[in-house]
Amino acid sequence: MRENRRVPAGEERIIARMRPHGRALVVPVLVLWLCVGLAMLLLDRVDWPFWNIAVLTVAAIVVVLLTVVPTLAWLSRGFTFTTERVIIRTGFGGTRRETMLARVHDVTVRRRGLQALFGAGDVLLSTGGDRAVILSDVPAAPLVQRMLSELLGARGIVTPDAGVGA
């Protein structure tokens with residue numbers, strides 16, 4: 001992430017772009033290794049003419065469903081932080097949600113399970129509505145919280161000394 005610099009009014013700048021934490025790709029990579037290893041082990045083991053085709057077909061189906069699809073799903077999600085708003089992209093359909101920083105009055109980090117171990121967390125943006133806007137599984141969540149708090153503080157919306165939530 002780059003440091004925020006003063007920008008003339010009305011000029012929006014991208015501060016940072018990021019994806020959810022990469023640990024979501026650990027299981028797909030392990031499945032890929034397991035499928036390749038098992039396929040290599042099972043090839044030419046049975047004296048049946050279609051055995052190799054069956055093994056490779058099953059391996060390809062498993063790799064596509066358990067490796068390619070989760071990787072593409074991870075790649076389709078992302079967060080963009082600008083001087084004026086936060087943009088959240090989710091899903092294959094390209095769902096896009098924008099939250100203007102002028103509406104945000106509180107930035108909180110929530111960490112659960114392995115998120116604390118990896119420095120990730122969920123960043124909650126309170127906008128005064130019924131539900132907070134949630135940026136799920138953000139890497140370096142305390143840093144993102146500090147960046148957003150400084151942006152809001154520069155706008156006079158919230159003080160930059162907001163604490164990290166449990």
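This is a tour of one predicted model, taken stop by stop in the order in which you might select its parts.

**The whole chain**

Begin with the full chain in cartoon view, where the secondary structure comes to four helices and seven strands, and where the pattern, read along the sequence, is β-α-α-β-β-β-β-α-β-β-α. If you colour by accessibility, 32% of the 166 residues count as buried. A contact map gives another view of the chain: among contacts with a separation of 6 or more, 49% are between residues 24 or more positions apart.

**The four-stranded sheet**

Select β1 to β4 next, which form an open sheet of four strands in the order β1-β2-β3-β4, with antiparallel pairing. The edge strands are β1 (14–18) and β4 (95–100), each of which pairs on one side only, and from one strand to the next the twist averages 15 degrees. Within this sheet, zoom in on strand β2 (residues 78–82) and strand β3 (residues 85–90), which pair in the antiparallel sense over four bridges; one place to look is G78, whose bridge partner in β3 is R89. Now add helix α4 (residues 141–154) to the selection: this helix packs on the sheet, touching β1, β2 and β3, and its direction makes about 30 degrees with that of β2.

**The three-stranded sheet**

Keep α4 on display and turn to the strands β5, β6 and β7, which form an open sheet in the order β5-β6-β7, again with antiparallel pairing. Here the edge strands are β5 (106–110) and β7 (133–138), each pairing on one side only, and the twist averages 20 degrees from one strand to the next. Helix α4 packs on this sheet too, touching β5, β6 and β7, with its direction at about 175 degrees to that of β5.

Strands β6 and β7 deserve a selection of their own, since they pair in the antiparallel sense over four bridges. Along this pairing L124 stands opposite I134 in β7, while G121 has V138 as its bridge partner in β7. The two strands form a hairpin with six residues between them, and in the turn you will find G128 with a positive phi of about 90 degrees.

**Helix α4 itself**

With both sheets in view, colour α4 alone; it has 14 residues and reaches 20 Å from its first C-alpha to its last, close to the 20 Å expected at 1.5 Å a residue. Show the side chains of its buried residues, which are A141, V144, Q145, M147, L148, S149, L151 and L152. What covers these buried residues of α4? The cover includes β1, β2, β3, β5, β6 and β7, so strands of both sheets belong in the picture. After the helix comes G156, whose phi is positive, near 80 degrees.

**D122 in β6**

Next, centre the view on D122, which has its place in strand β6 (residues 121–126). Is D122 buried or exposed? Its relative accessibility is 3%, so D122 counts as buried. Draw the distance between the side chains of D122 and Q115, which are joined by a polar contact of 3.1 Å. Leaving aside neighbours within four places in sequence, the residues in contact with D122 are T108, V109, R110, R112, Q115, I134, L135, S136 and D137.

**Two residues with positive phi**

From that list, follow D137, which lies in strand β7 and has a positive phi of about 55 degrees although it is not a glycine. Most residues other than glycine have a negative phi. D137 is buried, with a relative accessible area of 14%. Then select D44, in the loop between α1 and α2, where phi is also positive, at about 60 degrees, although D44 is not a glycine. D44 is exposed, with a relative accessible area of 63%.

**Helix α2**

From that loop, move on to helix α2 (residues 51–75), which has 25 residues and reaches 35 Å from its first C-alpha to its last, close to the 36 Å expected at 1.5 Å a residue. Look along the helix for a kink of about 35 degrees, centred on V64. The residues V55, A59, V63, T67, A73 and W74 of α2 are buried, and what covers the buried residues of this helix includes α1 (26–42), which makes a suitable last selection.

Key: Residues numbered from 1 in each chain as written. Predicted model: local features only at pLDDT ≥ 70, side-chain atom pairs only at ≥ 80, totals over all residues. Heavy atoms only, no water. Expected span 1.5 Å × (residues − 1). Bend = angle between axes of the 7 residues up to and from the residue. Buried < 20%, exposed > 50% of the residue type's maximum accessible area, 1.4 Å probe, protein only. Contact = heavy atoms within 4.5 Å. Polar contact = N/O pair within 3.5 Å; in protein donor to acceptor, adjacent residues only side chain to side chain. Pairing = 2+ DSSP bridges. Axes fitted to C-alpha atoms, helices over the stretch in contact; angles between N-to-C directions.
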